[in-house]
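Reader: Please take a close look at one part of this model, the span that carries a membrane annotation, and then set it against the rest of the chain. I would like one connected account.

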Amino acid sequence: AFIKQFTVGENHPATSDRDLQSLRQTIIDFLQNHSREAKPPACPSLEPTLTEEVFSLFKKPNQHYTAIIFESGSSYLGREVILDLGQYENIAIKRVLNSETDLLEKLGITSVPSLYLIYPNGSHGLINNLKPLRSFFSSHLKSLLGVRRKLASSLPLLQQRRPGNTNFKEWKESKLYMADLESGLHYLFRVELATHKTLEGAELRTLKDIVILLAKLFPGRQPVMKSLETLQVWLWSLPLDRIPYNAILDLLNNKMHISGQFLPSRLQWVGCQGSQVGLRGYTCSFWKLFHTLTVQAAAQPRALLNTGFEDNPRVVLQIMQKYVQDFFGCRACAEHFQEMARASLDSVKSQDEAVLWLWEKHNVVNARLAGDLSEDPQFPKVQWPTPALCPACHKATQGPSAWDKMQVLHFLKQHYGSHNLIHTYLEEADNTDEQEAQGGGEAFPKEAAWEANKGQDPQKSLGAKSKGLDHLIAKEDSVIDPGKRPAGSVIEQEGNQALSFLGVGFSNIDMSLCIVLYVASSLFLMIMFFFFHVRSKCWKVRHNRPYV
């Protein structure tokens, strides 16, 4: 805790009853019993507060919250919460012992531990319905408006360069928003896949697998599901080892003008919106998407019949692992996820275990990234679900294993189930251009400058309309001298460039298939013609009668 003089610490011999809880309490006692000279400057005061000092808090106005925890003399809850909130601003925490009977009687405290809160506007009151657990007290205080983790000295400069979110949408943490899931699909298909000009080998197999998964399990609207199903049939019907990304983009953008098919082309973050541009967004949506798929796989065990995935309870997690490895933009995140998957993914034996596995690993990632530069100060990374969101998920014990996994599983199935989906802020197929003109949705290029983080112009990696990509390809081809173009580039140009035929968008693959079918049909008709022609001649010769 930033001590002034170097020290190797003190040895405390372990005993047979030494567990994590007793070790934590020993450390707290050690911190509290420091003398003033040896006390680390970053360590907050853990001493109990006297009645006179508490009364003075009600008299002077403060710009921050003041939390008073009433507890017994043997309790460690107040000191643990003080240490938990030590790195947070806009809140001060005091602990008062239940021996201060006059103060407890005056404030109406009838049991301990209890939490009494003084608000910045001067109002105050007892906080009810909190379990007597450190996690419940800490989570409630961290969720107060304006209470956030203290930023490092270099972070405010970074935050000042990021524009704030001026189009903040109203949302509920207890709900799942279809706009987040559809925006995640848009980013997945039109951003991360766009970094691959051609899909082949393992990457193509991963794309086919994830499209099957989405077409069977994604709880989307009918036009979105039709788009995913069309993409699934198209990918599996092509006998090709290499597929250009632009051909996939043309299908996603519905250049064939198939009725009733639509995939949103704008980012509409609701439950995943950040306080500043570039925070949360796709990473939040990616987690929500695969949480939803694991829950849907558990709720619909027959949905994957005849796909080759029906007998594999780990299929959603394995496809997620392959996608993260092949396409996910954050390579450090991808490597960390691969390490977690290699360590414990094989232990998953059922669909319910798959749901819990992904939840556990998501909390591991939250713990690893808490306080990171990528963390949104208004939405700190905490262990989820919080006690406020799911009180039954937390056991009424003080030990480190505070999760009730059966309750967690029930909560996850309810939270990510189809019945909890909210269909607000959605982009419609008929008014996409109108929304864009009116600013109804968040334009992708502005968002991608922060979120894609791939070191390239997002306009070159994504076009909501494939005309933008066609324009870029044509522009690049015009720069290259045709006489100096390498032989391989001719093949790549044929694979990537889309054609326009009679006003309808057809790729070279579509035209090639039409030509092959035309030639095959012509040959078949010619063979049948000659067959019947020769047969008719033989019949005439065999049955010919001489004239008299």
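**The annotated span and its setting**

Author: In this predicted model, residues 515-534 are 100% helix and 0% strand, and the C-alpha atoms at the two ends of the span lie 29 Å apart. The label comes from a record: UniProt, in an unreviewed entry, gives residues 515-534 as a "transmembrane region". Confidence should be weighed before reading further, since along residues 431-505 the pLDDT stays under 50. For residues 431-505 the model nevertheless has 111 contacts beyond four places in sequence. Over the whole chain the pLDDT averages 79, with 75% of the residues scoring at least 70. A further stretch, residues 153-161, has pLDDT below 50 and makes 7 contacts beyond near neighbours in sequence.

As to the chain as a whole, its secondary structure comprises 21 helices and 12 strands, and 44% of its 548 residues are buried. Of the contacts between residues at least 6 apart in sequence, 74% join residues that are at least 24 apart. Carbon and sulfur atoms account for 55% of an accessible surface of about 30,100 Å².

The interior can be described through its nonpolar cores. The largest has 88 residues, and the members that touch the most others are Phe189 and Phe218. Helix α11, residues 282-299, gives the most to this core, with 10 residues. Beyond its neighbours within four places in sequence, Phe218 is in contact with Met178, Leu181, Leu185, Leu213, Val224, Met225, Leu228, Leu289 and Leu293. Another core lies apart from this one and has 22 residues, including Ala67, Ile82, Ile91 and Ile93.

Helix α11 itself is mostly covered, with 16 of its 18 residues buried, and from its first C-alpha to its last it reaches 25 Å, close to the 26 Å expected at 1.5 Å a residue. Helix α12, residues 315-326, can be read in a similar way: its 12 residues should span 16 Å at 1.5 Å a residue, and its end C-alpha atoms are 16 Å apart, which agrees. Because 9 of its 12 residues are buried, α12 is largely enclosed by the rest of the structure. The buried residues of α12 include Val315, Leu317 and Ile319, as well as Gln321 and Asp326. Those buried residues pack against α7, α8, α11, α13 and α14.

One of these partners, α13, spans residues 331-344 and contains Cys333. Cys333 counts as partly exposed because its relative accessibility is 28%. The C-alpha atoms of Cys333 and Val365 are 8.9 Å apart, although 32 residues separate the two along the chain.

Some details of the backbone belong to the loops. In the loop between α10 and α11, His257 has a positive phi near 55° in a residue other than glycine, and His257 counts as exposed because its relative accessibility is 61%. Arg280 lies in the loop between α10 and α11 and has a positive phi near 60°, while its relative accessibility of 21% makes it partly exposed. The peptide bond from Val112 to Pro113 is cis, and Pro113 is placed in the loop between α4 and β4. The bond from Trp384 to Pro385 is cis, with omega near 0°, and Pro385 lies in the loop between α14 and α15.

Definitions and conventions:
Residues are numbered from 1 along each chain as its sequence is written. This is a predicted model: local features need pLDDT of at least 70, side-chain atom pairs count only at pLDDT 80 or more; totals for chains, interfaces and linings use all residues. Side-chain values use heavy atoms; hydrogens and water are left out. A nonpolar core is a set of buried Ala, Val, Leu, Ile, Met, Phe, Trp, Tyr and Cys residues joined through side-chain atoms within 4.5 Å. Buried means under 20% relative accessible area, exposed over 50%, partly exposed in between (1.4 Å probe, protein chains only). Helices (H or I, at least four residues) and strands (E, at least two) are DSSP runs, numbered from the N terminus. Contact means heavy atoms within 4.5 Å. pLDDT is the predictor's confidence in each residue, from 0 to 100. The expected span of a helix is 1.5 Å times one less than its number of residues. UniProt positions are given in the numbering used here, feature names are shortened, and annotations may be inferred rather than shown by experiment. Accessible areas come from the Shrake-Rupley method with a 1.4 Å probe; for residues, only the protein chains shown count as cover.
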